[in-house]
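Colleague: I am new to reading structures. Could you walk me through a few features, one at a time?

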Amino acid sequence: MATIEIDNGSGFCFGVVTAIRKAEEELEKSGKLYCLGDIVHNSNEVERLESKGLQTITHDDLLNLHNVTVLLRAHGEPPETYRTAARNGINIIDATCPVVLQLQRRINARYHEVLPDGSHPQIVIYGKKGHAEVNGLVGQTNGEAIVVESLDELDKIDFTRDIYLYSQTTKSLQGFAAMVDEISRRRQAGFEYFDTICRQVANRMPCIREFARSHDIILFVCGNKSSNGKVLYEECRRANPSSYQISSPDEIDPSWLNGKEKIGICGATSTPRWLMEQVRQAADNLLHQNTPHC
C-alpha cells in the first residue's frame, strides 16, 4: 500500500503567516482591504483572500488612492511608498517581515554614511532584480545599490572602491558564498559582506533534501512567481530526480504515481498548508482509481 506524506517543515514562513493574519483581521472588521502586490506568491491563496474582500493593487494604483487602508506585504517597500501613503491619507497596515525590515534599516544606515569625497558607500545586493523585496532594499539607497543575480553580473561593480555586500533574505547560502569568494578574489579595495539570509528559509535546504531522498516521488507545490519555491524545488530535484513542481492538484499526472510506494508532498514558504492537503487528497484519489479491484 502506497503512503503519502506531507513535509511538516513546508509551508508559510512566519512573515507570510503574519501578513495573512493581519489581512484576515482587517477583512473580518471592514470586509475590504487593498494589498500592494500579491500578498503571497501563490495564486490559490491570493484568490482565497480576494473572495473575502482583498483587492490587489499596483504602485500606479496607489498613486490614485486616497483615504483607504492598504496592507504592505512581508516583502517590504521602499521609502517612497510610505511617502505616497502619507500624501494620500492612506492608512498603512505594515506586514513587512521583521527580518526584511532589519535588513532595510542596515542598508539604509550604511548608505547614508558620507565618504570623504562626499559620495555614498557602494552597496551591492545579491538578489533577483525586480523582486519586491529587492526593490524595497534598493529603495533604501535612492536607487543606487547594485543588484547582482549571478557571478556573470559582477562586472557591474567598481572593484577599485570599497564594497558592501548584502543578500536578499531568500537566496541560497551556497550562492552567497560563491559571491563572497569571487568578490574577494577580484577586489582592489575594502570588502565587507553581511550574511542576511533568513535562516528559516536557509535551514529548509538540508531538511527538504532529506525529505526528497526518503521518498520515491516528490510533488512540490508552489506558485510560479515564488522565488523561494524555485530554489527549494531545485534542491528537491537534485536530491530526487522524480520530483515534479505543480501549482494545483489537477496538475498531477497519474502516470507519475505508477509503482511508487512512498509519495512525498512539500512546498515553498509561500505554499499554504490547505493546498498541500488538497494535493494529498488528489493523489490518494488517483491511487485508489488505479488500484485493481477483485
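Modeller: Start with the open sheet. Bear in mind that this is a predicted model. Four strands line up in the order E3-E2-E4-E5, and their pairing is parallel.

Colleague: Which strands stand at the edges of the sheet?

Modeller: Strand E3 (54-57) and strand E5 (91-94) do. Each has a single partner strand, so one side of each is left without a neighbour in the sheet. The twist averages 30 degrees from one strand to the next.

Colleague: How many bridges join E2 and E3?

Modeller: Four bridges, in the parallel sense, with E2 covering residues 33-36. Look across to find one facing pair: Tyr-34 is opposite Gln-55 in E3.

Colleague: Now a helix. What length does H7 reach, and what is expected?

Modeller: H7 runs over residues 173-186, 14 residues in total. From first C-alpha to last it reaches 20 Å, close to the 20 Å expected at 1.5 Å a residue.

Colleague: Which residues of H7 are buried?

Modeller: Gly-175, Phe-176, Met-179, Val-180, Glu-182 and Ile-183. The buried residues of H7 pack against four strands: E6 (122-126), E7 (146-148), E8 (163-167) and E9 (191-193).

Colleague: And how do I read a nonpolar core?

Modeller: In soluble globular proteins, nonpolar side chains tend to be buried together. Here the largest nonpolar core has 17 residues. Leu-219, Ile-246 and Leu-257 are among those with the most contacts inside it. Strand E10 (217-221), strand E12 (262-267) and helix H11 (273-290) each supply at least two residues of this core. H11 gives the most, with seven.

Colleague: What is Leu-257 in contact with, leaving aside neighbours within four places in sequence?

Modeller: Its contacts are Ile-217, Ile-252, Ile-263, Ala-283, Leu-286 and Leu-287.

Methods. Residues are numbered from 1 along each chain as its sequence is written. This is a predicted model: local features need pLDDT of at least 70, side-chain atom pairs count only at pLDDT 80 or more; totals for chains, interfaces and linings use all residues. Side-chain values use heavy atoms; hydrogens and water are left out. The expected span of a helix is 1.5 Å times one less than its number of residues. Buried means under 20% relative accessible area, exposed over 50%, partly exposed in between (1.4 Å probe, protein chains only). Contact means heavy atoms within 4.5 Å. A nonpolar core is a set of buried Ala, Val, Leu, Ile, Met, Phe, Trp, Tyr and Cys residues joined through side-chain atoms within 4.5 Å. Two strands pair if DSSP finds at least two bridges between them. Axes are lines fitted to C-alpha atoms, for helices over the stretch in contact, and angles run from 0 to 180 degrees between N-to-C directions.
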